[in-house]
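Here is a friendly walk through one protein model, written for someone who likes to know the cut-offs behind each term. Have a look at the sequence and the structure first, and then we can start with a helix.

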Amino acid sequence: MKKLRPILMRYRRALGPIALALAVALIFWAVNSPMIVGASAASRALPIYSVKRDNKAVSLNFDAAWGNEDTRVLIDILNRYNVRATFFLVGQWVDRYPESVEALYDAGMEIGNHSNEHPHMAQLTEKQIADEIAACSEKIEAVTGESPTLFRCPYGEYNDAVITTVDGLGMHAIQWNVEVRETL
């Protein structure tokens, strides 16, 4: 120990930055360790981001939460090219524009649930989450005759409670994903 002390004293200014660099490297390694990342990802409830397909396919979808000025134009464009899309509707939008909901449904578009009032779902209790989803689904079913099976979280925000509640309602939580695997 006596021999080590003069060496430590001579390099003490360099030891602080070296110790800091080692600590940062250790933290970076721990956070990105496959064991830790795998364990945390395995325990988290996730929405559906993509579906593996054998063919090239795109799932086109829209959120309808505010105005309906472009709804008829979108339907006409999609129909012109024989394209079907999913429209995730907010319950308040369904209340304001039932004729647009009916037009989307009649045009063969899939109707999904985007909550009743567009809240931050991850901040709600499980009962509030279920109530938000049920209220919107009831409104959609009243117009179309069918209850939606897909749910998109407002703002893209979710946590385990949101996803497990959606699953418990017999629905699938869907999250957008822009992933290009190869050039067309």
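In helix 6 (98-106), the buried residues are Ser100, Val101, Ala103 and Leu104. Their directions from the axis span an arc of only 160°, so they sit on the same side of helix 6. That arc is taken from the directions that run from the helix axis to the C-beta atoms. Buried here means under 20% relative accessible area, exposed means over 50%, and partly exposed is in between, with a 1.4 Å probe and protein chains only. Helices (H or I, at least four residues) and strands (E, at least two) are DSSP runs, numbered from the N terminus.

Two remarks on the source: this is a predicted model, in which local features need pLDDT of at least 70 and side-chain atom pairs count only at pLDDT 80 or more, while totals for chains, interfaces and linings use all residues. Residues are numbered from 1 along each chain as its sequence is written, and side-chain values use heavy atoms, with hydrogens and water left out.

What covers the buried residues of helix 6? The cover includes helix 4, strand 2, helix 5, strand 3 (110-113) and helix 7, where contact means heavy atoms within 4.5 Å. After helix 6 comes Gly108, with a positive phi near 90°.

Helix 4 (71-80) makes a good companion. Thr71, Ile75 and Leu78 are its buried residues. Looking down the axis of helix 4, these buried residues fall within an arc of 70°, so they line one face of the helix. An α-helix has 3.6 residues a turn, so residues three or four places apart point the same way. The buried residues of helix 4 pack against strand 1, strand 2, helix 5 and helix 6.

Now to the cores. A nonpolar core is a set of buried Ala, Val, Leu, Ile, Met, Phe, Trp, Tyr and Cys residues joined through side-chain atoms within 4.5 Å. The largest one has 19 residues, of which Phe87, Leu89, Trp93, Leu104, Met109 and Ile140 touch the most other members. Two or more residues each come from helix 4, strand 2 (86-89), helix 5 (91-96), helix 6 and helix 7 (126-144). The most, three residues, are given by helix 6. A second, separate core has twelve residues, including Ala45, Ile129, Val162 and Met171.

Ile140 deserves its own sentence: leaving aside neighbours within four places in sequence, Ile140 is in contact with Leu89, Val94, Ile111, Gly112, Asn113, Gly145, Glu146 and Pro148.

The backbone has some positive phi values to point out. Most residues other than glycine have a negative phi, and most peptide bonds are trans. Three non-glycine residues are gathered here:

| Residue | Place | Phi |
|---|---|---|
| Asn82 | follows helix 4 | positive, near 55° |
| Ser115 | loop between strand 3 and helix 7 | positive, near 90° |
| His118 | loop between strand 3 and helix 7 | positive, about 60° |

Are the two loop residues buried or exposed? Ser115 is buried, with a relative accessible area of 0%, and His118 counts as buried at 11% relative accessibility.

Next, the second largest pocket, which holds about 240 Å³ of space. On a 1 Å grid over the protein atoms alone, a pocket is an open set of points where a 1.4 Å probe fits, with protein on both sides within 12 Å along at least five of seven lines, and lining residues have an atom within 4 Å of a point. Grid points are joined across faces, edges and corners, and the volume is the space filled by probe spheres set on the points. The lining has 21 residues, and the closest to the pocket centre are Asp63, Ala64, Ala65, Trp66 and Gly67. Strand 1 (61-64) and helix 4 are the elements that give two or more residues to the lining, and strand 1 has the largest share, with three. By type, the lining divides into twelve nonpolar, six polar and three charged residues. Ala, Val, Leu, Ile, Met, Phe, Trp, Tyr, Cys and Pro count as nonpolar, Asp, Glu, Lys and Arg as charged, and the others, Gly among them, as polar.

Finally, the chain as a whole. It has eight helices and five strands, which run α-α-α-β-α-β-α-α-β-α-β-α-β from the N terminus on. Of its 184 residues, 32% are buried.
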